[in-house]
Every structure is written in C-alpha cells, then in structure tokens.
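Biologist: Hi! I'm new to this one, so could you walk me through it?
Modeller: Happy to, let's put it on the screen.

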Amino acid sequence: MKVFAGEFEKIYDPSFEEKTSWYINDHCLIYGKDEWHLFGITHEEPCDPLNEKCCAHSICDTLTGTYRKQMPFPIVADPNRGEAHFWAPHVIEANEVYYMFWCAGSLSDHMTYQIKVSTSLDLYHWEHNSSSNPIVIDGYDARDPMVVKIGGKWILYYTATSSPNYGNHVVKCVESEDLINWGNPRTVFTDPSVGDVGGPCESPFVVYEQEKYYLFICQRDGCYDKTAIYESEDPFHFVLDRCVGDIPAHAAEVVKDGDGKYYVTRAGWGRGGVYIAPLFFDSSSRFQKQNKEEGLG
C-alpha cells in the first residue's frame with residue numbers, strides 16, 4: 001500500500017481582517033449540524049509556542065471551501081485552571097456531544113504536561129469539567145492528542161518522550177470507555193532519536209483503511225514540513241521500517257468528506273494558514289497509474 005497526497009489549496013487565512021500576520025499550527029476539522037468547523041492553535045507571527053493561549057475557530061459550508069473566522073475565541077488558556085497555553089485541539093462527536101481534546105501544558109515544568117477535555121453541544125460554546133481534568137499528565141511536553149474508536153474502546157494517541165524529562169521521541173496512547181476516564185498507557189511507536197522538546201513524532205494521527213492502520217507523524221528527518229506514514233496490522237505497534245509514504249505537510253490532519261473521500265491538511269508557523277489536499281490509499285500498481293495520470297512520476 002502507498003499513501004500520497006494531491007495538490008494543496010488554502011482554505012483558511014488567520015490574518016484576514018487582522019492588522020498583522022497570524023498563524024495556525026496544530027488544528028482539526030469536524031462536521032457539525034450543517035457546516036464544517038476548523039479549530040486550531042493561533043497566534044500572531046512570529047512563532048511563540050509557549051505563549052499560544054487561544055483556540056482559533058472558523059466555519060465553512062463545505063470541507064474544501066474558504067473558512068470564515070469566528071470570534072470571540074471559544075477557548076483561551078486560563079492560569080486559574082492550571083493552563084499554560086492552548087495547543088493542538090482534536091474534536092470528535094459521540095452521542096450528540098462534541099469532545100475537544102487539547103494540551104494545556106503546565107505552570108510548573110515540562111515533565112507534567114496536561115491533556116484536557118472540553119465538551120460542547122453546538123461546537124460554539126465549550127464547558128470544562130474540572131472533576132475529570134486533566135485526563136493525561138505526561139512529559140516531555142506531552143501533547144498533540146488524537147482520538148479514535150478501536151475495538152469498542154476510545155484510544156487517545158499523543159506524542160511525548162520515553163521518560164518524562166528526556167528520552168526517545170515516542171507516540172503513546174491511553175484508552176477509555178467513556179471519553180472521561182483514561183488508562184492502560186502504552187507506547188505504540190519509538191523513534192531512535194532522543195531529546196526533550198520537539199522531535200520527529202509530532203501530531204500523531206491514526207487511520208484505519210483496507211484492513212490496516214496508518215500512523216501519520218510529522219517533522220520527520222528534521223524537516224518541519226514532512227509527515228511520514230507508517231503501516232501496521234496492529235494499532236498499538238508501528239515500526240520505522242514500514243513507512244509507506246510521506247507528505248509535504250506540518251501538523252497534518254486526515255478527514256473524510258460526506259462522500260467518503262479522504263483529505264489531508266497542513267499548517268504551521270509562517271505558513272500563512274491551513275491548506276487541504278486529496279489523500280489516496282492505494283496499491284502499488286494503482287499508485288503508479290495515479291502518479292502517471294497526475295504527472296507526478
């Protein structure tokens with residue numbers, strides 16, 4: 001199986017009607033009652049990750065159209081709730097309730113980063129359940145949550161290091177039956193590189209397609225705009241030598257439209273907004289045919 005993307009087109013400019021340039025970094029897309037919603041990290045340029053406090057929100061009638069900025073910000077990091085910043089939202093729907101998972105950081109150190117959950121009935125107004133938060137505490141800078149249902153349980157993937165203060169860059173996961181209480185932590189991907197902040201396992205995203213699981217992670221090979229894809233039969237075990245493609249994207253998110261077609265997004269510091277491209281999962285023969293038809297090889 002090969003995984004590849006088509007041409008990217010811009011769908012959201014966070015600088016629109018602003019006096020200065022703004023950026024969107026880690027983000028997500030979800031369809032609500034009758035419109036698509038985009039949420040993400042936002043801040044004025046240049047990049048200032050430890051001072052990213054606000055959740056961007058924009059809407060569009062179609063997945064690939066031009067998104068319109070919504071104000072005020074639906075969530076702003078609050079130090080009174082122990083939140084240092086707002087990072088990497090991921091939103092899902094279950095039983096007519098929307099759950100936003102996001103990284104609130106830590107006011108004390110990088111080894112006890114908090115991943116929290118907020119809930120909404122309409123994707124505009126969000127509640128913070130203090131009794132259930134934080135749902136994950138980990139380091140170094142544990143962040144970038146992504147949630148998917150596998151085998152009857154909800155699985156939350158995130159990036160961290162093998163030891164809370166330093167170690168291999170890894171992708172970890174925890175599981176839940178109710179989206180509130182999480183446990184059974186495990187490591188699903190280990191990169192040979194070591195360090196603390198940043199690293200090549202950012203923005204993990206897992207997709208099930210044609211009886212296999214695919215892990216998307218970015219900043220591969222030291223490249224800010226490179227997302228690599230790894231294939232596995234086991235959603236809890238991905239290895240380095242089963243790379244099946246890469247995409248020129250930072251903070252890539254995978255989304256399906258109403259017709260079941262896959263798309264992938266990209267964004268990032270200094271990148272001018274959010275972009276989207278068609279995404280293809282295909283066998284080697286069809287992959288080569290598609291590339292030839294599109295002039296890609």
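**A chat about cavities, strands and rings**

Modeller: Let's start inside: Tyr12, Pro14, Glu18, Trp22, Thr42, Ala56, His57, Lys69, Gln70, Met71 and Phe73 line the second largest cavity. On a 1 Å grid over the protein atoms alone, a cavity is a set of points where a 1.4 Å probe fits but cannot get out, and lining residues have an atom within 4 Å of a point.

Biologist: Before we go on, what kind of model is this?
Modeller: This is a predicted model, in which local features need pLDDT of at least 70 and side-chain atom pairs count only at pLDDT 80 or more, while totals for chains, interfaces and linings use all residues. Residues are numbered from 1 along each chain as its sequence is written, and side-chain values use heavy atoms, with hydrogens and water left out.

Biologist: Thanks! How much space lies in that second largest cavity?
Modeller: About 60 Å³. A volume here is the space filled by probe spheres set on the grid points, which are joined across faces, edges and corners.

Biologist: And what classes of residue make up its lining?
Modeller: Six are nonpolar, three polar and two charged. Ala, Val, Leu, Ile, Met, Phe, Trp, Tyr, Cys and Pro count as nonpolar, Asp, Glu, Lys and Arg as charged, and the others, Gly among them, as polar.

Biologist: How many cavities are there in the whole structure?
Modeller: The search finds two of 30 Å³ or more. The largest has a volume of about 90 Å³. It is lined by 13 residues, and Asp26, Ala88, Asp144, Pro145 and Glu253 lie nearest its centre. Two or more lining residues come from each of β3, β7 (87-94), β12 (143-150) and β16 (202-209). Strands are DSSP runs (E, at least two residues), numbered from the N terminus.

Biologist: Okay, now the open spaces. Where is the centre of the largest pocket, in terms of nearest residues?
Modeller: Met146, Val147, Val148, Phe205 and Val254 lie nearest, out of 27 lining residues. A pocket is an open set of points with protein on both sides within 12 Å along at least five of seven lines. This one holds about 610 Å³ of space.

Biologist: Which strand gives the most to that lining?
Modeller: That would be β12, with five residues. The lining of this pocket has 21 nonpolar, two polar and four charged residues.

Biologist: What about the runner-up pocket?
Modeller: The second largest pocket has a volume of about 290 Å³. It is lined by 20 residues, with Pro49, Trp87, Arg143, Glu202 and Trp269 closest to its centre. The lining takes two or more residues from each of β3, β7, β12 and β16. By class, eight of the lining residues are nonpolar, six polar and six charged.

Biologist: Switching to strands: is β4 mostly covered or mostly open?
Modeller: Mostly covered, as eight of the nine residues in β4 (residues 36-44) are buried. Buried means under 20% relative accessible area, exposed over 50% and partly exposed in between, with a 1.4 Å probe and protein chains only.

Biologist: Which strands does β4 pair with?
Modeller: Strand β3 (residues 22-31) runs antiparallel to β4, and eight bridges join them. Two strands pair if DSSP finds at least two bridges between them. A hairpin of four residues connects β3 to β4, and Cys28 has Phe39 as its bridge partner in β4. β4 also pairs with β5 (residues 54-60), again in the antiparallel sense, over seven bridges. There, Leu38 stands opposite Ser58.

Biologist: You mentioned a cysteine. How many disulfides does the structure hold?
Modeller: Zero, where a disulfide is a pair of cysteine sulfur atoms within 2.5 Å.

Biologist: Why is Cys60 without a bond?
Modeller: The closest cysteine sulfur, in Cys28, is 15 Å from that of Cys60, which is too far for a bond. Cys60 is also buried, at 4% relative accessible area.

Biologist: Last topic, rings. How many aromatic pairs are there?
Modeller: There are 11, counting Phe, Tyr and Trp rings (the six-membered one for Trp) with centres within 6.5 Å; planes under 30 degrees apart are stacked, over 60 edge-to-face and the rest tilted. Tyr208 and Tyr213 make a tilted pair, because their planes are at 45°, with centres 4.7 Å apart. Tyr208 is partly exposed at 46% relative accessibility, whereas Tyr213 is buried at 15%. Ring pairs also link Tyr214, Tyr262 and Phe281 into a cluster.
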